[in-house]
Amino acid sequence: MDVDAVVLDIDGVLVDVADSYRRAIVESVDRVYGRTIDDAGIQRFKDAGGFNNDWELTDAAALYVLAREAGYDGDVATFTDAVAARGGGLDAAEAVVRAAPLDDDDVFGRWAPDRLRETFQALYLGADLYRDLEGGEPPFETRGYIHDEPVLVEPATLETLTERFAVGVLTGRPAAEAAIALDRVGLSVPDAHRFTMDDWAAGKPHPRALTTLADRLDAARVAFAGDTLDDVRTAVNAADADADRTYYGVGVLTGGLTGDSGRRAYEDAGAAAVVETVNDLPDLLDS
């Protein structure tokens with residue numbers, strides 16, 4: 001695969017977030033409503049598309065839990081399939097609930113996105129970082145799951161990639177949380193070469209962030225490595241939107257998609273390649 005720039009996702013690629021972001025989703029809904037979804041349910045929402053923002057995935061998971069309590073008889077798979085059929089994302093999840101034969105007040109009257117986000121950030125950041133980044137007192141004292149993110153990328157991999165290619169970062173994290181992760185893994189990327197939640201509203205799989213990074217990196221051929229189907233779809237959409245450049249979506253099997261089933265899912269979404277870990281990228285790519 002001949003490229004002159006590599007763009008990296010953070011979660012599930014550079015750091016493992018199974019016990020941080022994904023744990024915060026599960027436990028935020030449980031703390032607020034007394035029941036929740038499991039890890040497999042989180043992946044179902046991710047696969048439905050449009051949930052690059054984990055706050056919005058938490059909101060959608062809460063909607064599902066509340067809908068079930070109000071009489072919705074579908075399981076998580078049925079719900080997320082319906083979300084995917086409506087284009088994915090939180091708006092689609094709301095539409096699924098409104099279309100169901102339920103009393104909307106039983107669901108939306110109890111739905112509390114602000115409380116869910118406050119709970120999520122307290123669990124993920126911990127009390128000290130919450131005060132620093134959120135600018136207020138946390139709703140409870142915790143250590144923070146952000147400290148439980150094992151590094152997936154090896155220093156030699158980063159050294160090779162940065163020596164051979166222009167490197168950018170495209171993540172759904174807020175900028176401050178992205179900076180913490182990049183510092184942890186030892187990857188220095190100029191602000192102009194990274195896109196975070198704070199930089200554009202649309203999120204993945206919208207192609208604008210990736211095409212903008214390609215332009216800023218002065219790249220004609222770009223590989224984007226991510227751990228979700230939306231990451232691959234972002235590269236596919238970028239190729240459709242920007243005919244002057246070549247974009248390759250590379251699926252990484254260290255996030256929620258794993259094994260043969262994960263490989264097939266990436267390939268069905270249009271991945272140009274699938275690797276076991278980000279550390280396989282240098283052998284895959286030619287400059």
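The largest pocket in this predicted model has a volume of about 200 Å³. Besides that pocket, the structure holds 2 cavities of 30 Å³ or more. Here's a quick tour of those spaces, then of some helix pairs and two backbone details.

**The largest pocket**
- Its lining is made up of Gly50, Asn52, Asn53, Glu56, Gly172, Met197, Trp200, Ala201, Ala202, Gly203 and Lys204.
- Sorted by class, the lining of the largest pocket comes out as 4 nonpolar, 5 polar and 2 charged residues.

**The largest cavity**
- This one has a volume of about 210 Å³.
- The largest cavity has 20 residues around it, and Asp11, Lys46, Asn52, Asp54 and Gly172 are the ones that lie nearest its centre.
- Helix 1 (21–33) and helix 3 are the elements that give two or more residues to the lining of the largest cavity.
- Charged residues account for 9 of that lining, with 6 nonpolar and 5 polar residues making up the rest.
- Asn52 and Gly172 turn up here, and they also help line the largest pocket.

**The second largest cavity**
- There's about 50 Å³ of space in the second largest cavity.
- You'll find Lys46, Phe51, Asn52, Lys204, Thr228, Asp230 and Asp231 lining it.
- The class split for the second largest cavity is 1 nonpolar, 2 polar and 4 charged residues.
- Lys46 is worth spotting on the model: it lines the second largest cavity, and it is among the residues that lie nearest the centre of the largest cavity.
- Asn52 belongs to the lining of the second largest cavity as well as to that of the largest pocket.

**Helix 2 against helix 3**
- Helix 2 (residues 39–48) packs with helix 3 (residues 54–69) at an angle of about 115°, and their axes are 11 Å apart.
- Since angles of 65 to 115 degrees count as roughly perpendicular, that is the label for helix 2 and helix 3.
- Their crossing is right-handed.
- On the helix 2 side, the contact is made by Ile42, Phe45 and Lys46, while helix 3 brings Asp54, Leu57, Ala60, Ala61 and Tyr64.
- The contact of helix 2 with helix 3 counts 6 nonpolar, no polar and 2 charged residues.
- Lys46 and Asp54 take part in this contact, and both are also listed among the residues nearest the centre of the largest cavity.

**Helix 3 against helix 5**
- These two pack at an angle of about 10°, with their axes 9 Å apart.
- Helix 3 and helix 5 are therefore roughly parallel to each other.
- Helix 3 makes the contact through Glu56, Asp59, Ala60, Leu63 and Ala67, and helix 5 through Leu90, Ala93, Glu94 and Val97.
- By class, the contact of helix 3 with helix 5 has 6 nonpolar, no polar and 3 charged residues.
- Ala60 touches helix 5 here, and it is also part of the contact with helix 2.
- Glu56 has two roles too: it joins the contact with helix 5 and helps line the largest pocket.

**Helix 4 against helix 5**
- Helix 4 (residues 76–85) and helix 5 (residues 90–99) pack at an angle of about 115°, and the distance between their axes is 8 Å.
- The crossing of helix 4 and helix 5 is right-handed.
- Phe79, Ala82 and Val83 of helix 4 meet Ala92, Ala93, Val96 and Val97 of helix 5 in this contact.
- All told, the contact of helix 4 with helix 5 has 7 nonpolar residues, with no polar and no charged ones.
- Ala93 and Val97 of helix 5 contact helix 4, and they contact helix 3 as well.

**Backbone details**
- Lysine 204 and proline 205 are joined by a cis peptide bond, with omega at about 15°.
- Look for proline 205 in the loop between strand 3 (194–195) and helix 10 (208–216).
- Lys204, on the other side of that bond, lines the largest pocket and the second largest cavity.
- Aspartate 218 has a positive phi of about 55°, although it isn't a glycine.
- You can find aspartate 218 in the loop between helix 10 and strand 4 (221–226).

Note on methods. Residues are numbered from 1 along each chain as its sequence is written. This is a predicted model: local features need pLDDT of at least 70, side-chain atom pairs count only at pLDDT 80 or more; totals for chains, interfaces and linings use all residues. Side-chain values use heavy atoms; hydrogens and water are left out. On a 1 Å grid over the protein atoms alone, a cavity is a set of points where a 1.4 Å probe fits but cannot get out, and a pocket is an open set with protein on both sides within 12 Å along at least five of seven lines; lining residues have an atom within 4 Å of a point. Grid points are joined across faces, edges and corners, and a volume is the space filled by probe spheres set on the points. Ala, Val, Leu, Ile, Met, Phe, Trp, Tyr, Cys and Pro count as nonpolar, Asp, Glu, Lys and Arg as charged, and the others, Gly among them, as polar. Axes are lines fitted to C-alpha atoms, for helices over the stretch in contact, and angles run from 0 to 180 degrees between N-to-C directions. Helices (H or I, at least four residues) and strands (E, at least two) are DSSP runs, numbered from the N terminus. Angles under 35 degrees count as roughly parallel, over 145 as roughly antiparallel, 65 to 115 as roughly perpendicular and the rest as oblique. A crossing is left-handed if the near helix is turned anticlockwise from the far one by less than a right angle, and right-handed if clockwise. Contact means heavy atoms within 4.5 Å.
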